[in-house]
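Hi there,

Here is the structure I promised to pass on. Have a look at it first, and then read my notes below.

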Amino acid sequence: MADRPPGSYPSDRPQPVTIAAILLFVAGGLGILGGLLAFGAASLFGGFIIVLALINIAVGAAAIYAGMQIMALREQGRVLGLVIAGVGALFALVYLIAYQQFIQIIPLLLYGFVGYTLYSNAEHFRR
């Protein structure tokens with residue numbers, strides 16, 4: 001059997017898990033960006049927007065952290081990713097029902113994919 005060069009070995013991480021981590025990176029980055037943009041609107045709407053912006057930045061940072069831990073196949077990242085996917089799907093569902101913004105079906109499906117992928121691939125994660 002021929003020797004393979006470093007980096008050419010197949011990953012232990014399934015491809016759907018990698019996609020779920022990338023989706024959490026994107027969601028986290030957009031959450032942080034949205035939180036930073038909300039600071040600009042804080043002068044118009046008051047202090048409540050600042051609190052929401054800080055929460056948005058914190059959740060975005062948690063999503064990026066979860067994505068990093070999922071890429072390393074750590075159980076703590078999987079659990080955090082499941083929580084973020086569940087909360088994100090819940091908020092998307094609330095927006096979908098309450099405001100009838102049917103574009104919210106996209107984040108609902110994406111968070112559903114992340115949650116299902118992390119749940120169904122639990123055997124690949126290590127404690």
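What follows is a short tour of the core and of two loop residues.

Please keep in mind that this is a predicted model.

Let me start with the core. The largest nonpolar core has 13 residues, and those touching the most other members are Val17, Leu24, Ile70, Ile84, Val114, Leu118 and Phe125. At least two residues of this core come from each of helix 1 (15-45), helix 2, helix 3 and helix 4. Helix 1 is the biggest contributor, with four residues. As general background, nonpolar side chains tend to be buried together in soluble globular proteins.

If you want one residue to click on here, try Val114. Leaving aside residues up to four places away in sequence, Val114 touches Ala20, Leu23, Leu24, Gly81 and Ala85.

Now for the loops. Most residues other than glycine have a negative phi, and two residues caught my eye on that account. Leu73, which is not a glycine, has a positive phi of about 60°. You will find Leu73 in the loop between helix 2 (47-71) and helix 3 (75-98). The other is Gln100, also not a glycine, with a positive phi near 50°. Gln100 sits in the loop between helix 3 and helix 4 (105-120).

Are these two loop residues buried or exposed? Leu73 has a relative accessible area of 5%, so Leu73 is buried, given that buried means under 20%. Gln100 is at 58% relative accessibility and therefore counts as exposed, the cut-off for that being over 50%.

Happy browsing, and best wishes!

Terms used
Residues numbered from 1 in each chain as written. Predicted model: local features only at pLDDT ≥ 70, side-chain atom pairs only at ≥ 80, totals over all residues. Heavy atoms only, no water. Buried < 20%, exposed > 50% of the residue type's maximum accessible area, 1.4 Å probe, protein only. Core = buried A, V, L, I, M, F, W, Y, C linked by side-chain atoms within 4.5 Å. Contact = heavy atoms within 4.5 Å.
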